[in-house]
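Me: I have not seen this structure before. Please show it, and then I will ask about its pockets, its ligand and its backbone.

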Amino acid sequence: MSRIPVIIDCDPGHDDAIALLMALASPRLDVRAVTVVAGNQTLEKTLNNALKVLSFVGAEVEVAAGAAQPLVRPLTIAPEVHGESGLDGPILPPPTLKPSPRSAVEVIIDVVRKSDQKITLIPTGPLTNVAAALLLAPDIKANIERITLMGGAAYVGNWTPSAEFNILVDPEAAHIVFSSGVPITMVGLDVTHKALVYEEDIARLKAMNRRVARMVAELLDFFSQFHKRFGFKGSPLHDPLAVAAVIEPQVLTTRHLPVVIETKGEYTTGRTVVDFYGVTGMKPNVDVALEVDRDRFIAMLFEAMEHFD
Ligand code: BDR
Ligand code: CA
């Protein structure tokens with residue numbers, strides 16, 4: 001079976017970092033490029049984090065810096081969750097990998113245009129880079145297989161009662177992506193809040209006695225602190241679930257539904273408005289993930305860790 005060519009657009013970020021590792025470890029995926037956006041931290045920090053994580057595992061992939069701020073709004077960052085560096089916890093050596101001289105948008109456009117097979121985009125941060133690429137080069141839509149993104153929530157938000165962080169940071173970009181006509185799978189909080197990694201899983205990662213598994217455990221030790229404060233029994237592995245959904249779509253149960261982005265709400269900006277009952281008459285445009293096989297997903301995480309020494 002041929003491998004699925006993907007571009008990961010991310011803002012590392014603890015869960016973004018683990019998503020990158022799962023993608024690199026998978027024999028099903030061919031990571032053609034990693035593009036970086038501001039979100040969990042400033043662009044300078046998310047870029048450095050991506051380079052550090054990829055260097056740590058010796059990955060040889062083009063890494064390109066993208067937008068330093070959302071399309072029209074000031075940037076919101078999440079140091080409460082990811083720390084001052086955006087990747088607090090493990091001490092990683094300085095990166096050996098250098099950033100590409102090309103911008104994220106150039107890389108997305110060029111890689112998609114030149115690919116002999118349709119590309120799957122996996123955005124795990126705000127959608128600024130992806131939206132800019134679609135606006136500048138609408139022709140690339142024809143060569144995108146699907147956008148499987150971590151973001152949104154059919155029900156409850158996390159950064160506001162209505163909105164999930166990635167969509168809230170750049171709702172205008174999300175609107176461009178969700179209305180693009182490209183097939184979309186929305187891996188939102190409805191499933192990522194069920195994709196929990198528990199203390200005993202972190203202990204098992206440590207017991208593997210592998211360098212990369214230990215680093216991931218250290219990431220999760222830090223990431224867990226925030227979630228414990230909010231009463232979570234484990235940490236939601238948001239971004240890795242989007243990668244898992246490309247490797248094994250059966251890990252999710254989805255419904256094809258109309259989804260629009262609220263960009264002008266008083267309390268609800270950034271909400272992914274999902275029309276479950278077809279009351280708007282809009283055409284379904286998104287496969288909304290509603291259930292997850294959590295045990296299979298966690299097994300996939302451990303399989304990925306076995307791949308690295
Ligand atoms: C999303 O926001 C970020 O903090 C995480 O990396 C994830 O992509 C969850 O709302
Ligand atoms: Ca992210």
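Me: How much space lies in the second largest pocket?

Reply: In this predicted model, local features need pLDDT of at least 70 and side-chain atom pairs count only at pLDDT 80 or more, while totals for chains, interfaces and linings use all residues; side-chain values use heavy atoms and leave out hydrogens and water. Residues are numbered from 1 along each chain as its sequence is written, with chains lettered from A and ligands numbered from 1 in the order in which they are written. A pocket is an open set of points, on a 1 Å grid over the protein atoms alone, where a 1.4 Å probe fits, with protein on both sides within 12 Å along at least five of seven lines; its lining residues have an atom within 4 Å of a point. Taking volume as the space filled by probe spheres set on points joined across faces, edges and corners, the second largest pocket holds about 240 Å³.

Me: Which element gives the most to the lining of the second largest pocket?

Reply: Among the 14 lining residues, those closest to the centre are Arg 146, Thr 148, Ala 245, Val 246 and Pro 249. Two or more residues each come from strand E1 (4–10), strand E5 (144–150), H11 and strand E9 (252–257), where helices (H or I, at least four residues) and strands (E, at least two) are DSSP runs numbered from the N terminus. With 3 residues, the element that gives the most is E5.

Me: Which residues lie closest to the centre of the largest pocket?

Reply: The largest pocket has about 450 Å³ of space. It is lined by 29 residues, and the closest to its centre are Asn 158, Trp 159, Leu 189, His 193 and His 238.

Me: In which pocket does ligand 1 sit?

Reply: A molecule sits in a pocket if more than half of its atoms lie within 2 Å of the pocket's grid points. Helix H1 (14–25), helix H6 (165–169) and helix H11 (238–247) each supply at least two residues of the shell around ligand 1, a shell being the residues with a heavy atom within 4 Å. Ligand 1 sits in the largest pocket.

Me: What share of the area that ligand 1 exposes alone does the protein bury?

Reply: Polar contacts, pairs of N or O atoms within 3.5 Å, link an oxygen atom of ligand 1 to a polar side-chain atom of His 82 at 2.9 Å. An oxygen atom of the ligand also lies 3.0 Å from a polar backbone atom of Thr 124, and one is 2.9 Å from a side-chain N or O atom of Asn 158. By the Shrake-Rupley method with a 1.4 Å probe, ligand 1 alone exposes 280 Å², and the protein buries 97%.

Me: What is omega for the peptide bond between Pro 12 and Gly 13?

Reply: Most peptide bonds are trans. Gly 13 is in the loop between E1 and H1. The bond joining Pro 12 and Gly 13 is cis, with omega about -15°.

Key:
Polar contact = N/O pair within 3.5 Å; in protein donor to acceptor, adjacent residues only side chain to side chain.
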